[in-house]
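Colleague: I have a set of chains on my screen and I'd like to learn how to read them. Could you walk me through it?

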Amino acid sequence: MFQKSYNIFIKDIKSELRTRYAINALVMFILVAISVILFSIGNEKVNSDLTAGLYWVVIFFSAMSGLSRAFVAEEEKGTNLTLQLIASPDTVFTGKLIFNLILTFFMNIVITFLYSAFFESFYIKNPALFILTFVLGNIGLAISSTIIASIIAKAGAKGTLYPVLSFPILLPLILTCVQLTIFSFDGTNFESVFYELSIVVSYNIIMITVSYLLFDFIWKD
Amino acid sequence: MYWKIILFVLMTFVSIAGIAFPIVEKPSAWYEFPFIPGLEENAKIIFFHVPTAWLAVIAFLMAFLYSIKYLRSKNINDDIKAYVANQLGIIFCILATVTGAVWARFAWGAFWSWDPRQTSIFALLLIYGAWFALRSSIESEEKRATLSSVYSIIAFFTVPFFIFIMPRIMTGLHPGSADDETSGPIVNFKMNENMLLVFFISLIAFTILYFWMWNLGYKSIIYKDKLNKKLLR
Amino acid sequence: MSNYKLEIKNLSKIFGQRIIFQNINYSIHSNFVLGISGSNGSGKSTLVKIIAGVLSPTKGHVNHFVNGEKIDYEKLFNFIGFVSPYLILYEEFSAEENLKIISKIRGIKYEAEYIKELLAKMNLYSRRKDIVKTYSSGMKQRLKFIFALMHRPNLLILDEPTSNLDNEGKESVYSIIKDYSLKNIVIIASNEEQDLAHCNEILFLEKYKSQ
Amino acid sequence: MLDFLSKNAIYIVMIIVLIVWTGIFFYLLGMDRRIKSIEQELKGEKNEE
């Protein structure tokens, strides 16, 4: 089962490298978004709370511009039926989820590097907490955006609809992650953020369960 | 038929009691409400504002249940029921937001201050908005029903998180949330029995009203579809 | 010899308030060619999609049995070969890459000899390394037959199999149908007299419009 | 009576709310009737078939 999903992922990567639709545009999007923020800040000194917020804003919008690709490409090329005929829904979802996970991590590592280079207040006092937040947050982001992407791939007005549908679903995750990022800037220890971490973990578990349960209905026309 | 009369009587009573019963320092007669510091006459909003918020949540729950039912039965009527529930839900959600904001202008000094309750109802409003946006972008009836059902279910599972995280992130101004961690829709500020009674009657009356409206709404759509089908033949 | 059985029970499909077909009951065994015929828009494609398990019916069931055992919906796709005009393969890859990727995703071995044979039969062997995007519609159609046959399915579903094909192509399709139906089930959805001539029995969808 | 009402404006609000509620109630009642009659009609046609 996992082997097959991995092969779907490999197929997507190959196809992506051959056509280069998403990657180029995504990297440019990140650069543009961060420079817009830098221009609007000017010489102001930004406090760490605002930096954490802006960091996740850029992550959210980059995800919204890139992560719908996995399913929308399949729909645009008309290869949906082919995939339906060669793999079970769970396999397809896992394959697409791996693709989005890799893309999210790649994207957010780039964003994090750019942020630590350009923002003075992006100074992490508790790196372990930051990395944990980063990993858990990215997993949650990838799960939710994959299932929403599979919905909007079947609807019209895909580009605009994607952030609209994803935002309410991602809001609890993003709010908690902003909070955790602020804590990691402040150097809070692990015991006092246990509550927030457990929220993120349970969000991920609930979302992945719901996604696997519901994907059958979306995928079967 | 009886319940329509009951609804009329209850709602009339709530309107009279909720508006006209006086608020006094030390309530003695059965029709007097207690004085709540910081709220004063504003406290009467509870009889009209809280039920609208309650109905927004009930509608959301109903839409969730009928979405599950639709996915199981593939009966288009279940989707219509969920649709009408959401229609009423968004109306009551807007009413709750607006009445709350107007009240907050005088109780807290600003229309909007990102109180946990305000943020939660805003998120609910966003979900409703997204749901209707999704629906309007799909042409095929069956696909529309399936995808909006799926979205309804996913959205339903995110809502509990708001209840848990909001109080940690923001300090609450909303009555009933000052010192309780869960900040659920529980009313624990100091009401006496009369007030509580009127409040619950109000909840019951609004709930009956909601079910009536929902019933009329979905029946009208189902019959319209049936007539269309007859004309097509 | 595989013993495959297809059972259609009370099958109905309704789009909104429009009835596509109602109460189809059918049961067929291996060594059988079933034709499905009906005017344009009568739901031929809808029916074959439901049989292939990629579309869900409004009411009723389609059950597949191999050697008397029911096949799970999760595993069904490996028993079915499907050809249709609206099926599109990955156009940014070459024919050979497509077939390799597909066999990997299916989780089966890439049978080089067998596929070479199929490519030769379908007249595509010399162009196997070209990107599918550059193919003509007839060549794409022939490639779909290889896609449908490469995993040796027990149930071959052909939706308008001879569209876009020249006479030579048609002949090879008919020979495939003949060979394949000896051991397996073949379903042909078409309106062409020539196609339907190869069927043991024909199902007219018009009959199932309303009671 | 009039004197009392003009001193306690809240009762005027109450009366207005009551009138509005009565209006809404009877509108809904009428709607309910109309839909029931359509329901009857649809059922009747089915029997004729």
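**Reading helix pairs and chain contacts**

Modeller: Sure, and keep in mind that this is a predicted model. Let's begin with two helices from separate chains: the axes of helix 1 (residues 2-19) of chain A and helix 2 (residues 95-106) of chain C come within 7 Å, crossing at roughly 150°.

Colleague: How do I read that angle? Are helix 1 of chain A and helix 2 of chain C roughly parallel or antiparallel?

Modeller: Angles over 145 degrees count as roughly antiparallel. So helix 1 of chain A is roughly antiparallel to helix 2 of chain C. On the chain A side the contact is made by A:Lys4, A:Asn7, A:Ile8 and A:Lys11, and on the chain C side by C:Ile101, C:Lys104 and C:Ile105.

Colleague: What classes of residue make up that contact between helix 1 of chain A and helix 2 of chain C?

Modeller: It's a mix: three nonpolar, one polar and three charged residues.

Colleague: Okay, now a pair inside one chain. At what angle do helix 2 and helix 3 of chain A cross?

Modeller: Helix 2 (residues 22-41) and helix 3 (residues 48-66) of chain A cross at roughly 155°, with axes that come within 10 Å. That angle is why helix 2 of chain A counts as roughly antiparallel to helix 3 of chain A. There's a handedness to look for too: helix 2 of chain A passes helix 3 of chain A in a right-handed crossing.

Colleague: Which residues should I click on to see helix 2 of chain A in contact with helix 3 of chain A?

Modeller: On helix 2 of chain A, pick A:Ala22, A:Leu26, A:Phe29, A:Ile30, A:Ala33, A:Ile34 and A:Ile37. On helix 3 of chain A, pick A:Leu54, A:Val58, A:Phe61, A:Ser62, A:Ser65 and A:Gly66. By class, this contact has ten nonpolar, three polar and no charged residues.

Colleague: And how do helix 2 and helix 6 of chain A cross?

Modeller: The axes of helix 2 of chain A and helix 6 (residues 89-118) of chain A come within 11 Å and cross at roughly 30°. Helix 2 and helix 6 of chain A are therefore roughly parallel to each other. Helix 2 of chain A passes helix 6 of chain A in a right-handed crossing. Here A:Leu26, A:Ile30, A:Ile34 and A:Leu38 of helix 2 meet A:Met107, A:Val110, A:Ile111, A:Leu114 and A:Phe118 of helix 6. That contact has nine nonpolar, no polar and no charged residues.

Colleague: Let's zoom out to whole chains. Which chains share the most contacts?

Modeller: Four pairs of chains touch, and the most contacts are between chains A and B. There, 25 residues of chain A are in contact with 25 residues of chain B. Helix 7 (127-152), helix 8 (158-186) and helix 9 (194-219) of chain A each supply at least two residues of the chain A side. Helix 8 of chain A gives the most, with eleven residues. By class, the chain A side has 21 nonpolar, three polar and one charged residues.

Colleague: How many residues of chain C are in contact with chain B?

Modeller: Four residues of chain C are in contact with seven residues of chain B. The chain C side divides into one nonpolar, three polar and no charged residues. Other pairs don't touch: the nearest C-alpha atoms of chain A and chain D are 32 Å apart, and those of chain C and chain D lie 13 Å apart.

Colleague: Last one: how do I judge the overall shape of chain C?

Modeller: Begin with its parts: chain C has six helices and nine strands. The radius of gyration of chain C is 17 Å, close to the 17 Å that the globule rule gives for 211 residues, so chain C is as compact as a globular protein of that length. Along its principal axes, the C-alpha trace of chain C spans about 55 × 35 × 30 Å.

Definitions and conventions. Residues numbered from 1 in each chain as written. Chains lettered and ligands numbered in written order. Predicted model: local features only at pLDDT ≥ 70, side-chain atom pairs only at ≥ 80, totals over all residues. Axes fitted to C-alpha atoms, helices over the stretch in contact; angles between N-to-C directions. Helix = DSSP H or I, 4+ residues; strand = E, 2+ residues; numbered from the N terminus. Parallel < 35°, antiparallel > 145°, perpendicular 65-115°, else oblique. Left-handed = near helix turned anticlockwise from the far one by under 90°. Contact = placed C-beta atoms within 7 Å. Nonpolar A, V, L, I, M, F, W, Y, C, P; charged D, E, K, R; others polar. Rg over C-alpha atoms; globule rule 2.2 N^0.38 Å.
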